[in-house]
There are 2 protein chains.
Amino acid sequence: MEALPERNGYLPPTIYDIAKRAKVGIGTVSRVFNNHPSVSDATRKRVLKVANSLNYQPHPYARGLARKRTNSILAVIPFFTTFFFLEILQGVQEKLGELDCDLLLYGVHHPDHVESSLRQNVLRSRVDGILFFSMAMPAAFAKQYAQMKTPVVLIDTYNKDFDSLTVENSFGAFLATNHLISLGHKRIGMLNANIESLPAHQRLKGFQRAMNEAEIPIDPLYVKKSSSTKLDGFTREAGYELMKEFIALGSEMPTAIFVSSDIQASGALAALTEAGLRCPEDISIVGFDDIELASHLGITTIRQPMAEMGAFAAGRLAERMNNLNLPPTHKMFMPSLVVRKSSAPPVVRSVKQKKVSLV
Amino acid sequence: MEALPERNGYLPPTIYDIAKRAKVGIGTVSRVFNNHPSVSDATRKRVLKVANSLNYQPHPYARGLARKRTNSILAVIPFFTTFFFLEILQGVQEKLGELDCDLLLYGVHHPDHVESSLRQNVLRSRVDGILFFSMAMPAAFAKQYAQMKTPVVLIDTYNKDFDSLTVENSFGAFLATNHLISLGHKRIGMLNANIESLPAHQRLKGFQRAMNEAEIPIDPLYVKKSSSTKLDGFTREAGYELMKEFIALGSEMPTAIFVSSDIQASGALAALTEAGLRCPEDISIVGFDDIELASHLGITTIRQPMAEMGAFAAGRLAERMNNLNLPPTHKMFMPSLVVRKSSAPPVVRSVKQKKVSLV
DNA sequence: TAAATTTATGGAAGCCCTTCCAGAAAGAAA
DNA sequence: TTTCTTTCTGGAAGGGCTTCCATAAATTTA
């Protein structure tokens with residue numbers, strides 16, 4: 001070996017260095033670091049002492065090669081969205097810490113790139129498992145992964161061949177609508193995203209169920225859906241536009257609206273302010289998602305248990321990595337209601353209405 | 001070798017499989033995959049054909065071991081904050097894609113945990129380089145990394161021994177203040193975070209410079225700083241409290257305030273609303289950071305070029321990985337002004353004031 | 001005390017690559 | 001033709017670990 005100084009003179013100690021200094025064989029050192037039971041206490045201590053003094057850390061790549069496991073997982077997340085993921089990742093990482101596992105991050109910049117990303121990064125068997133967020137798993141990969149039994153957990157998306165977890169959108173919408181009903185509202189509308197998208201569809205269902213159970217007829221005029229294809233209408237602009245339609249109803253406007261996302265709700269609020277209307281005095285609003293913005297704007301909303309979802313996903317992935325033959329499961333998470341100031345009991349507006357609401 | 005089926009029967013092809021089928025040596029296969037020039041065209045084609053047909057991908061861990069490089073970098077980010085990082089990471093990843101490098105993510109959950117996190121995760125992961133975000137690098141690690149010449153780039157924080165990049169806070173504050181001045185404001189205040197923190201200090205400097213250059217005297221009553229230690233006073237609550245102090249000034253209140261962060265500005269706005277004051281009619285507000293919230297609340301603010309910073313950081317890290325002896329550099333990024341609706345020319349409030357402001 | 005267990009240990013082989021050296025093949029020069 | 005170059009190629013060694021087999025040491029049992 002030539003004298004070329006690697007890493008500028010500093011060469012991390014290897015298992016051989018430890019073995020030599022501790023006067024044991026490499027196998028013993030390895031066993032110590034893998035908590036193998038058949039090492040005597042005296043030896044274990046001696047090895048650890050030497051190892052600590054040299055600041056030895058097993059080389060994860062060498063480990064990975066020998067063990068045929070990488071001890072790391074890949075999170076494929078859409079970078080075109082934001083906060084939701086950070087919070088889930090937080091949960092993921094906490095769990096991964098327990099499992100002594102590293103997190104590789106791949107951010108997909110554009111939905112069309114999912115496929116090439118997967119090909120480039122995942123196939124190289126650099127990771128033991130994959131967390132796949134919020135995007136449809138391309139068919140080619142779904143097939144390949146299923147066949148190779150690559151451990152994959154889908155979050156906020158679904159495919160029958162893999163473990164998946166989603167939020168019970170319909171139940172969340174039910175909660176939101178019920179909240180408005182229990183505040184005493186009768187004229188309740190829904191401002192929805194593009195109904196083509198699954199969450200929008202499910203949230204409508206929940207709205208309908210709550211209304212039906214309360215025996216409040218649903219006025220078709222009060223159910224507005226976005227036709228936007230941009231992010232399926234889950235945008236501020238979409239909320240703004242549809243709220244203007246509600247406002248155009250004048251005195252026929254609902255007294256409360258369930259909006260299918262906080263981001264739309266923020267647009268809706270802007271439209272209200274612009275029209276000189278106040279929330280909740282003139283109209284109550286409930287959103288969905290509990291993004292950070294919602295707390296700042298004081299929007300009553302539906303919270304998805306993101307940290308828990310992250311931890312669960314990581315845990316499930318670990319189980320699957322230990323047993324490749326588990327049947328795919330699907331776990332629903334129950335969202336919860338977060339009450340803020342955008343929702344309140346309906347205010348009586350005129351004498352005529354007063355009579356009615358005195359009951 | 002026993003018959004235990006690895007990975008459920010599927011064993012990824014190795015360089016030996018390719019070599020055998022292509023009737024070449026393993027060295028040749030390796031050379032093909034490393035674009036080594038001394039492979040004849042015919043051979044290269046043959047190898048690639050076999051490799052493709054078997055869907056061969058070099059094993060990154062074996063590569064890492066043999067090359068003594070891992071081709072991955074670690075991002076240590078504080079998970080107790082949010083959006084800023086995602087945007088920077090986006091820039092980082094884009095660059096890393098070019099460099100064929102992977103991104104490992106480590107989120108620190110609490111500032112106090114930085115040290116143990118680094119010890120646990122960084123030392124063992126043997127990544128080629130580290131991007132360290134927004135936190136002070138603990139002295140022990142700084143020393144060790146400097147000594148080992150571990151490639152480290154600091155983002156939004158500083159240490160003389162490493163490459164670092166920060167935003168010119170002082171210039172941003174200057175821009176913000178200047179904006180208010182050029183709108184015609186004379187009674188301009190600053191709502192600052194905890195002055196102990198570097199950014200707060202720098203932002204104050206920029207404020208002062210702008211005021212001095214415009215020859216507007218700074219009224220000490222108009223410069224309020226948080227004494228909170230929680231996140232150095234960069235919180236919504238801190239902004240809320242200090243704004244109440246401003247409001248208590250009554251008619252002596254400034255007509256415009258530069259707030260040292262958007263998050264504080266959101267609190268300040270809440271205090272204003274609560275007091276029945278309007279922004280910008282009664283008072284103009286300029287924030288700092290351009291977090292997502294700012295756009296929703298319509299806060300005029302100072303934007304940091306996050307994606308660019310990310311890409312730059314990754315590039316710089318790559319350079320350093322190629323030459324461990326580069327002297328540390330420090331790069332300043334220039335922020336820019338984003339005008340929204342929270343800032344407007346001062347409105348004349350009363351006859352008495354009219355006299356004054358007619359000047 | 002000898003034999004049979006049990007417990008602890010050393011180290012070779014193997015994980016999948018890269019890299020280097022030696023040598024084969026093909027051309028060029030003599 | 002022979003000799004020297006140049007261009008390609010094969011494969012051993014090595015990177016740092018885990019694991020398994022063999023063996024040594026300590027205990028137990030007969």
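**Notes on the predicted model: a sheet, two DNA strands and some unusual backbone spots**

1. Let's start inside the sheet of chain A: A:Phe258 has A:Val286, in strand 9 of chain A, as its bridge partner. Please keep in mind throughout that this is a predicted model. The pairing to which these residues bring us is that of strand 8 (residues 256-259) with strand 9 of chain A, which is parallel and runs over three bridges.

2. Now the helices that go with this sheet. Helix 10 (residues 236-247) of chain A packs on the sheet and touches strand 6, strand 7, strand 8 and strand 9 of chain A. The direction of helix 10 makes about 150 degrees with that of strand 6 of chain A. Helix 9 (residues 198-213) of chain A lies across strand 6 (188-192), strand 7 and strand 8 of chain A. With strand 6 of chain A, helix 9 makes an angle of about 175 degrees.

3. Stepping back to the sheet as a whole, it is an open one in chain A, built from four strands in the order 7-6-8-9 with parallel pairing. Strand 7 (223-225) and strand 9 of chain A are the edge strands, each pairing on one side only. From one strand to the next, the twist averages 15 degrees.

4. On to the DNA. Which residues come nearest to DNA strand C? Of the 31 residues around this strand, they are A:Gly25, A:Thr28, A:Thr43, B:Ser30 and B:Arg63. Sugar or phosphate makes up 64% of the atoms of DNA strand C within 4 Å of the protein, and bases make up the rest. By class, the surface near this strand has 13 nonpolar, twelve polar and six charged residues.

5. Some individual contacts to DNA strand C are worth a look on your screen. A polar backbone atom of A:Gly27 is 3.4 Å from a base nitrogen, and an N or O atom in the side chain of B:Tyr16 is 3.2 Å from a base nitrogen. At A:Ser40, a backbone N or O atom lies 3.0 Å from a phosphate oxygen of DNA strand C. The elements giving two or more residues to this surface are helix 2 and helix 4 of chain A, along with helix 1 (15-22), helix 2 and helix 4 of chain B.

6. DNA strand D has 33 residues around it, and the closest are A:Ile15, A:Ser30, A:Tyr56, B:Gly25 and B:Thr43. Of the atoms of this strand that come within 4 Å of the protein, 62% belong to sugar and phosphate. The surface near DNA strand D divides into 15 nonpolar, twelve polar and six charged residues.

7. For DNA strand D, try these contacts. A polar side-chain atom of B:Thr43 lies 2.3 Å from a phosphate oxygen, and an N or O atom in the side chain of A:Ser30 is 2.5 Å from a phosphate oxygen. A base nitrogen of DNA strand D has a backbone N or O atom of A:Ala62 at 3.3 Å. Which element gives the most to the surface near this strand? Helix 4 of chain A does, with five residues. Elements that supply at least two residues there include helix 1 (15-22) of chain A and helix 2 (26-33) of chain B.

8. A few backbone spots deserve your attention. Most residues other than glycine have a negative phi, and most peptide bonds are trans. A:Lys23, however, has a positive phi near 55 degrees. A:Lys23 sits in the loop between helix 1 and helix 2 of chain A and is exposed, with a relative accessible area of 72%. B:Asn71 likewise has a positive phi, of about 55 degrees. B:Asn71 lies in the loop between helix 4 and strand 1 (72-78) of chain B. Is B:Asn71 buried or exposed? B:Asn71 is buried, because its relative accessible area of 14% is under the 20% cut-off.

9. Last, the cis bonds. The peptide bond from A:Cys279 to A:Pro280 is cis, with omega near 10 degrees, and A:Pro280 is in the loop between helix 11 (262-274) and strand 9 (284-286) of chain A. In chain B, the bond from B:Cys279 to B:Pro280 is cis, with omega near 10 degrees. B:Pro280 is placed in the loop between helix 11 and strand 9 of chain B, where B:Asp282 is also found. The side chain of B:Asp282 reaches the backbone nitrogen of B:Arg278 at 2.5 Å, and B:Asp282 is buried, at a relative accessible area of 16%.

Notes:
Residues numbered from 1 in each chain as written. Chains lettered and ligands numbered in written order. Predicted model: local features only at pLDDT ≥ 70, side-chain atom pairs only at ≥ 80, totals over all residues. Heavy atoms only, no water. Buried < 20%, exposed > 50% of the residue type's maximum accessible area, 1.4 Å probe, protein only. Polar contact = N/O pair within 3.5 Å; in protein donor to acceptor, adjacent residues only side chain to side chain. Near = heavy atom within 4 Å. Nonpolar A, V, L, I, M, F, W, Y, C, P; charged D, E, K, R; others polar. Pairing = 2+ DSSP bridges. Axes fitted to C-alpha atoms, helices over the stretch in contact; angles between N-to-C directions. Contact = heavy atoms within 4.5 Å.
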